[in-house]
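Trainee: Could you take me through one part of this structure closely, and then show me what surrounds that part?

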Amino acid sequence: MNARLRSVLAQRSIEPEVLAEACEVDPKTVGRWLGGRVPHQRHRVRAARFLRVEESFLWPDPQLRTGRRTGGPGAEIVGTYQNRASVPRDTWLVLLREARQQIDVLVFSGTFFAQSNPHVAEMLAERADGGVQVRLCFGDPSGHAAAVRGREEGIGDALAAKIRASLTYYRPLLPEENCEVRLHDTTLYNSLFRYDDNLLVNPHIFGRPASANPLFHLKRVDATGWFDNYAQSFEAVWAHARPWTPDREGTAAHGQD
């Protein structure tokens, strides 16, 4: 079943018959797409344009899906975006819902992650209840790295305030089994969002907020690719990060973005 196509149709309140008409195909054909069949390229392009999502989101490269494609620069790239805001909201939601093993997030504040989805903590808790390991790693608001980054972006202490505000969304996750929140004091070259074998990488450009920087979507092919290099960098930061203890640190107070 193509869960992504089904989810986008439901979120857009679009019936399969309407998509069929837009693509000039029989409704039964759309039914086969929902069942997992990959459409012809012209239909993929037309459907993605009609639904206002990336074609690669609805139908990732079949070679990548089956793992037959290996080697070569960029073999793991599923899609690229001019900035983080260009990533369809459905991409974030569907990747989160489809995760079956692990969800890893590495950011400084990650304010958008909760503000673009007010139910993110609840959804993460549901995935954890289903056995998914959830690890969230935010910048330490009292740390050196956050202070330096704030100065570089020209916002000073505002970054620390954004981190504290963002953390309040995730306090309900602390008692949950399979959920852990840590704080890092590391120079952050990329924000990372991992959902099993899908990884969204948001590289940081000096002096610019992460939201204004490009983002690319990787799908793991093998252990020698870019995916694993970024995954290992998450593990290195996570290993040196400390558990978030809001009651002791006084970081539970609400702030403004």
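**A helix and its cover**

Mentor: Happy to. Let's start with the cover over the buried residues of helix α9, which includes α7 (89–98), β2 (102–106), α8 (111–115), β3 and β4 (179–184). Please keep in mind that this is a predicted model. The helix under that cover, α9, spans residues 120–129, and seven of its ten residues are buried, so α9 is largely enclosed by the rest of the structure. Those buried residues are Val 120, Ala 121, Met 123, Leu 124, Ala 125, Arg 127 and Ala 128. You will see that Arg 127 is on that list along with Val 120 and Met 123. Just after α9 ends, Gly 131 takes a positive phi of about 100°.

Now move along to strand β3, residues 133–139, where you will find Val 134. The relative accessible area of Val 134 is 1%, and because buried means under 20%, Val 134 counts as buried. What does Val 134 touch, once its neighbours within four places in sequence are left aside? Its contacts are Ile 103, Leu 124, Ala 128, Asn 178, Cys 179 and Glu 180. Two of these, Leu 124 and Ala 128, are among the buried residues of α9, so here you can follow the cover residue by residue. Val 134 also gives you a feel for the fold: Glu 176 is 42 residues away from it in sequence, yet the two C-alpha atoms are 9.7 Å apart in space.

Cysteines may interest you at the bench. Cys 179, one of the contacts of Val 134, has 12% relative accessibility and counts as buried. Cys 137 is buried too, with a relative accessible area of 0%. The structure holds zero disulfides.

Stepping back, the chain has 13 helices and eight strands. Of its 257 residues, 49% count as buried. Among contacts in the chain with a separation of 6 or more, 71% come from residues 24 or more positions apart.

For a second look at packing, try helices α2 (residues 16–23) and α3 (residues 27–34), whose axes come within 8 Å and cross at roughly 110°. That angle makes α2 roughly perpendicular to α3. The crossing of α2 past α3 is right-handed. On the α2 side the contact is made by Pro 16, Glu 17, Leu 19, Ala 20 and Cys 23, and on the α3 side by Pro 27, Val 30, Trp 33 and Leu 34. Sorted by class, that contact has eight nonpolar residues, no polar ones and one charged.

Conventions
Residues are numbered from 1 along each chain as its sequence is written. This is a predicted model: local features need pLDDT of at least 70, side-chain atom pairs count only at pLDDT 80 or more; totals for chains, interfaces and linings use all residues. Side-chain values use heavy atoms; hydrogens and water are left out. Axes are lines fitted to C-alpha atoms, for helices over the stretch in contact, and angles run from 0 to 180 degrees between N-to-C directions. Helices (H or I, at least four residues) and strands (E, at least two) are DSSP runs, numbered from the N terminus. Angles under 35 degrees count as roughly parallel, over 145 as roughly antiparallel, 65 to 115 as roughly perpendicular and the rest as oblique. A crossing is left-handed if the near helix is turned anticlockwise from the far one by less than a right angle, and right-handed if clockwise. Contact means heavy atoms within 4.5 Å. Ala, Val, Leu, Ile, Met, Phe, Trp, Tyr, Cys and Pro count as nonpolar, Asp, Glu, Lys and Arg as charged, and the others, Gly among them, as polar. A disulfide is a pair of cysteine sulfur atoms within 2.5 Å. Buried means under 20% relative accessible area, exposed over 50%, partly exposed in between (1.4 Å probe, protein chains only).
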